[in-house]
Amino acid sequence: MALNLWRCVMKRAEARWCLYRSLYNSSHGFNESEVKRKLAELSGGSVKLCKGENGIAELGISNSSRKNALSGTMMLELEERISDLEKWKEGKGLIVYGTEDTFCSGGDLNTIKAISNAKDGLMMCMFMQNTLTRLQRLPLISVALIQGKAIGGGAELCTACDFRLMTEGSEIRFVHKHMGIVPGWGGASRLIQLVGSRQALKLLSGALRIPPEHAISIGLADGTLSSAADSALEEAQKWITPYTKGAANVTRAMKKLIVCGREHLFEDAIRKEKDIFATVWGGPSNLQALSERTKYN
Ligand SMILES: CCCC(=O)SCCNC(=O)CCNC(=O)[C@H](O)C(C)(C)COP(=O)(O)OP(=O)(O)OC[C@H]1O[C@@H](n2cnc3c(N)ncnc32)[C@H](O)[C@@H]1OP(=O)(O)O
């Protein structure tokens with residue numbers, strides 16, 4: 001009976017949670033089916049998802065002949081993989097990485113050229129903002145594993161994760177200025193939240209190369225990995241484990257608190273904190289912990 005009530009509360013909270021996933025819909029002039037049809041014509045590369053039994057998924061960006069640039073079809077695949085992760089109730093963590101020696105070189109220049117008119121550009125921008133905002137709001141603790149370069153849209157993509165780990169010799173760089181554009185996938189707004197407006201202005205207006213030590217010193221990155229390329233994923237798995245250890249519903253609730261706190265005004269955020277608290281209070285993990293009477297000394 002009590003467990004059924006708890007499940008019911010949790011379902012309702014999950015439903016409320018899903019309500020504010022995307023930023024744009026038709027009321028904002030966003031025509032999703034049209035942009036999807038256009039992006040489907042611009043092919044190359046793939047985005048692969050592997051969900052681990054330990055509750056940690058790996059999302060791989062792969063377009064080897066173009067340094068993992070995101071083509072139109074990869075943008076579509078990325079959105080599909082995020083949808084899949086939104087439905088993964090056992091999930092706790094996510095590692096986003098690029099195959100071979102690059103994280104992601106941004107938008108595929110062939111794709112970008114094909115949609116370089118104002119209308120298509122705005123639709124692609126709204127599509128990618130929706131996708132990356134949903135990535136950021138996933139109830140999973142996410143890490144961007146940056147090997148090699150995270151350039152342009154690749155730099156924006158890595159800011160949609162909770163943490164960034166960089167291997168030696170890697171680099172984040174917002175090169176938009178040199179392309180005569182500014183970030184549009186939400187990267188500027190997220191960068192300001194991460195490093196503050198003064199640092200963000202320097203990084204964007206100078207299109208500065210950001211190596212691991214610099215990224216760590218300004219709070220953009222969370223650690224440097226020393227592994228060779230083929231074992232960096234393993235090292236990232238180890239890095240994330242202390243944060244994802246334990247019951248999935250508790251880890252997921254913890255991440256939801258952070259999203260609410262970040263995205264809502266204080267009063268609204270603490271009310272939402274109450275709703276999320278209700279999803280774990282009296283649940284199996286809570287009852288188990290109470291019965292064990294663990295001490296933390
Ligand atoms: C819409 C959001 C904003 C954006 O993302 S705009 C796009 C920003 N990105 C760029 O302009 C990246 C330009 N590329 C570069 O700076 C360099 O290629 C990069 C990534 C530093 C790698 O340098 P290297 O390691 O020396 O490799 P490379 O230059 O020989 O590249 C190997 C092949 O990959 C290609 N490539 C790299 N980035 C690409 C991209 N974004 N779109 C399409 N193709 C891209 C590059 O043209 C080269 O092809 P190819 O072997 O010459 O046929």
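**View 1. The ligand and the backbone of Ser-65, Ser-105 and Gly-153.** An oxygen atom of the ligand sits 3.2 Å from a polar backbone atom of Ser-65, a polar contact (a pair of N or O atoms within 3.5 Å; within protein, one must be able to donate a hydrogen and the other to accept it, and residues adjacent in sequence count only if both atoms are side-chain atoms). At Ser-105, a polar backbone atom is 2.8 Å from a nitrogen atom of the ligand. At Gly-153, a polar backbone atom is 2.8 Å from an oxygen atom of the ligand. In total, 18 residues surround the ligand, each with a heavy atom within 4 Å of it. Ser-65, Ser-105, Gly-107, Leu-109 and Gly-153 are the closest.

A word on the model: it is predicted, so local features need pLDDT of at least 70 and side-chain atom pairs count only at pLDDT 80 or more, while totals for chains, interfaces and linings use all residues. Residues are numbered from 1 along each chain as its sequence is written, and side-chain values use heavy atoms, with hydrogens and water left out.

**View 2. An open sheet of 6 strands.** Follow the strands in the order β1-β2-β3-β4-β6-β9, and you will find mixed pairing. Strands (E, at least two residues) and helices (H or I, at least four) are DSSP runs, numbered from the N terminus, and two strands pair if DSSP finds at least two bridges between them. Which strands stand at the edges? They are β1 (46-51) and β9 (223-225); each has a single partner strand, so one side of each is left without a neighbour in the sheet. On average, neighbouring strands are turned by 25 degrees against each other, direction ignored.

**View 3. Where β6 meets β9.** Strand β6 (residues 163-167) and β9 run parallel and are joined by 3 bridges. Look for Leu-165, whose bridge partner in β9 is Gly-223. Strands of a sheet pair through backbone hydrogen bonds, either parallel or antiparallel.

**View 4. Helix α10 across the sheet.** Helix α10 (residues 232-244) lies across β2 (56-62), β3 (93-98), β4 (141-146), β6 and β9, where contact means heavy atoms within 4.5 Å. The helix runs at about 155 degrees to β4; axes are lines fitted to C-alpha atoms, for helices over the stretch in contact, and angles run from 0 to 180 degrees between N-to-C directions. Within α10 you can spot Pro-242. Is Pro-242 buried or exposed? Its relative accessible area is 56%, so Pro-242 is exposed (buried means under 20%, exposed over 50%, partly exposed in between, with a 1.4 Å probe and protein chains only).

**View 5. A salt bridge within helix α2, between Glu-32 and Lys-36.** The side chains of Glu-32 and Lys-36 meet at 3.5 Å, N to O; a salt bridge is a side-chain nitrogen of Lys or Arg within 4 Å of a carboxyl oxygen of Asp or Glu. The two residues are 4 apart in helix α2 (residues 32-40), so about one helical turn separates them. Glu-32 is partly exposed at 34%, and Lys-36 is partly exposed at 29%.

**View 6. A salt bridge between strands β7 and β5.** Glu-171 and Lys-149 form this pair, with their closest N and O atoms 3.8 Å apart. Glu-171 belongs to β7 (residues 171-173) and Lys-149 to β5 (residues 149-151), so the pair links distant parts of the chain, 22 residues apart. Glu-171 is buried at 10% relative accessibility, whereas Lys-149 is partly exposed at 38%.
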